[in-house]
Amino acid sequence: MKKFVKAASLALASAMLLSTTAFAEGDTFKIGAIGPMTGGAAAYGTAVMNAAQIAVDEINEAGGVNGYQLELNPQDDEHDPEKSVNAYNTLKDWGMQLLLGTVTSGPCIAVGAEAVNDNMFLLTPSGSAVDCITAGDNEFRVCFSDPDQGAASAKYIGEHNLASKVAAIYDSSDVYSSGIYATFKAEAANQPFEIVAEEAFTADSKTDFTVQLQKAKDAGAELVYLPFYYNEASLVLTQAASMDFAPIFFGVDGMDGILSVKGFDTSLAEGVMLLTPFSADAQDDLTVNFVTKYQEMYKEVPNQFAADAYDGVYIMKAALEAAGATPDMEASDLCDVMKTAMTEITVDGLTGAGMTWNASGEPTKAPKAVVIENGAYKGME
Amino acid sequence: MSFLSYLINGISLGSVYAIIALGYTMVYGIAKMLNFAHGDVIMVGGYAALTMMLSYSANPFVAVLVAIVVCTVLGITIEAIAYRPLRGAASPLAVLITAIGVSYFLQNIVLLIFGSNPKNFQSVVPLPDLKLADGALMITGETIVTIISCIVIMIALTTFINKTKAGQAMLAVSEDRGAAQLMGINVNGTIALTFAIGSGLAAVAGVLLCSSYPSLSPYTGSMPGIKAFVAAVFGGIGSIPGAMIGGILLGIIEILGKAYISSQLADAIVFAVLIVVLLVKPTGLLGKQIQEKV
């Protein structure tokens, strides 16, 4: 009996000890995350939060960072800059030390301005507009910037002689799509192909592409460039097929996910080319592990946003370890050591091997081009 | 030849706007309120049909019927819970704001149930595409069905209003609610019937819209809803043939504007046309000029 009481009180005491350590200030790295979890862009924010949680859980199970646990606090911004800044302030009150976000470009620019003033370390997983990380040296990103993608696509099409007449359709109401298209167009001037049709649509009219496709067809386009997300792209492919228009379709990373659109006839995507940093079908251990876990927990195939976020958490871990940081540091001091550490680390992640950063915050990694063959991605040279 | 194909696309899109606009215009004509949740009822109709087809593998025809029933019940419920208690309110703004609230409520409920990922809608139209002039001109089965449905609905609705007692009651309520009540017409019942018909039509519009443009998200209804509202005002709000003409013209203007002026300015052109029409004819194309008697 005595033994039992002793054991019980010991267990109780240790449980108390554990619970106090888990909640005490300065014993966990507090990571805030901001992204749209409701609203029109909810798919992206939800993917980021889900994947970030997986990464945080993995790291915590494996013993944490420098012996400390990570704590993630996801906040919704509905893809609205104003709400995003509110979420940022909420997180600051909570004691955030590192910011993973924001997920979408517009809000990221707004929050970035605040983060610079506070000298808060900001790592956006997927904010790809140039201005997401130009406000200060505290800002870094995981994904490619839009210009990188646009110029890389134009070069790729030119160097591989994919077509001589190119049409482009882009979303003029979206900074991601129009940003990519702007640099695509600039780089196209140096390439041996001609843009014969440039057609736009807006977020309010993104279901009917027959007019844009008809114009591309009439202009004799051999390749149609589609710098926007897969949901719209699936409609473009369906509508093009119904009008017997079969050029090469060339997409960017937003096209990733087209094979998992429910109800979409994936045979229409055969031959579609895209630049993407992440493909859920890749067979390396890291991807297989991540995709399996994600599917188990959320019953969905993770997209590129999820991959960016997962990498984002591991990048933070690598930088925290390189800097030898501890959770009792003030957010601003932590940011200073992180800035230096970021330029020194090399991370192998889902979205690229050997990723490095310069002081401007841009990642260096090779874009991968894939072509869809027999319902799967196949790497291209 | 591309002009013809643009024109047919425009008429098809316009027919969907027209069917939605009928709901707006009937409710406005009879209840004197703008039901901003109408666009979201369309979206609910789309989800109802899609769920029937995917989860219960129902035949498309059954799915459409279920969608109509769901939307009709939804319309009556919204009217009874959200709008009827406010009918006597001092300011007509109260019910307008409520309608906006209902709109967001529907969007968020669907967001909770079905998630934010757009769903790919399977077309309910079994007709094959029609290829004319050696494939240079293509008319999809969806286009044909949409245009025919639009004409049928228009004729049926006009007959209903002019030839049946319930229809006559609607006309009476729209003319003078107080007098209609004194004549023994059940005003609440008539308004509920209007909502039921309008919402049933919204389900048809939703299914047709999603069959032509097969992407369904909780926000699918909002833009077509606004455009249809524009179409109703354009044709003369309160007038059933006006909603029809307004809708079809709007669709044609939108597609031709996109094709020949700028694909980027399509929506701006649509609204610019509305402004011009309202400047020239403030009551819309077929709107009646009603003299207020003092």
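**Exercise 1. Overall form of chain A**

What percentage of the contacts in chain A with a separation of 6 or more is accounted for by residues 24 or more positions apart? Determine this share, and then describe the dimensions of the chain.

*Solution.* The structure is a predicted model.
- Step 1. Among contacts in chain A with a separation of 6 or more, 68% join residues 24 or more positions apart.
- Step 2. The secondary structure of chain A consists of eleven helices and 15 strands.
- Step 3. Along the principal axes, the C-alpha atoms of chain A occupy a box of roughly 90 × 45 × 35 Å.
- Step 4. A compact globule of 381 residues would have a radius of gyration near 21 Å; the 23 Å of chain A therefore agrees with that expectation.
- Step 5. Burial applies to 53% of the 381 residues of chain A.

**Exercise 2. Domains of chain A**

Identify the domains of chain A and characterise the contact between them.

*Solution.*
- Step 1. The domain assignment divides chain A into domain 1 (7-144 + 285-364) and domain 2 (147-276).
- Step 2. The centres of the two domains of chain A, taken over C-alpha atoms, lie 32 Å apart.
- Step 3. Domain 1 of chain A contributes nine residues to the contact, and domain 2 of chain A contributes eleven residues.
- Step 4. On the side of domain 1 of chain A that touches domain 2 of chain A, four residues are nonpolar, five are polar and none is charged.

**Exercise 3. Strand pairing near the end of chain A's numbered strands**

Establish the order of the sheet that contains strand 12 of chain A, and then examine strand 14 of chain A.

*Solution.*
- Step 1. An open, antiparallel sheet of three strands in chain A has the order 11-12-13.
- Step 2. Strand 11 (347-349) and strand 13 (363-364) of chain A are the edge strands, each pairing on one side only.
- Step 3. Two bridges connect strand 12 (residues 352-357) of chain A with strand 13 of chain A in the antiparallel sense. A:W357 faces A:P363 of strand 13 of chain A.
- Step 4. Strand 14 (residues 369-373) of chain A runs antiparallel to strand 10 (residues 273-275) of chain A, and three bridges join them. A:L274 is found opposite A:V370 of strand 14 of chain A.
- Step 5. In a regular strand, side chains alternate between the two faces of the sheet. In strand 14 of chain A, A:V370 and A:I372 point to one face and are buried, whereas A:A369, A:V371 and A:E373 point to the other and are not buried.

**Exercise 4. The largest nonpolar core**

Which residues have the most contacts inside the largest nonpolar core? Trace the elements that supply this core.

*Solution.*
- Step 1. The core comprises 205 residues, and A:V48, A:A51, A:A52 and A:Y310 have the most contacts inside it.
- Step 2. Helix 1 of chain B gives the most to this core, with 17 residues.
- Step 3. Domain 1 and domain 2 of chain A each supply at least three residues to this core.
- Step 4. Leaving aside residues up to four places away in sequence, A:Y310 touches A:A51, A:A52, A:I54, A:A55, A:F290 and A:L350.

**Exercise 5. The interface between the chains**

How many residues of chain B are in contact with chain A? Describe the side that chain B presents.

*Solution.*
- Step 1. The contact involves 29 residues of chain B and 30 residues of chain A.
- Step 2. On the chain B side, helix 1 (2-31), strand 1 (119-120), helix 10 (240-261) and helix 11 (266-280) each provide at least two residues.
- Step 3. Helix 1 of chain B gives the most to this side, with five residues.
- Step 4. The side of chain B that touches chain A contains 13 nonpolar, twelve polar and four charged residues.

Note on methods
Residues numbered from 1 in each chain as written. Chains lettered and ligands numbered in written order. Predicted model: local features only at pLDDT ≥ 70, side-chain atom pairs only at ≥ 80, totals over all residues. Contact = placed C-beta atoms within 7 Å. Helix = DSSP H or I, 4+ residues; strand = E, 2+ residues; numbered from the N terminus. Nonpolar A, V, L, I, M, F, W, Y, C, P; charged D, E, K, R; others polar. Domains from an automatic or database assignment. Pairing = 2+ DSSP bridges. Buried ≥ 20, exposed ≤ 12 C-beta atoms within 10 Å, placed from the backbone. Core = buried A, V, L, I, M, F, W, Y, C linked by C-beta atoms within 7 Å. Rg over C-alpha atoms; globule rule 2.2 N^0.38 Å.
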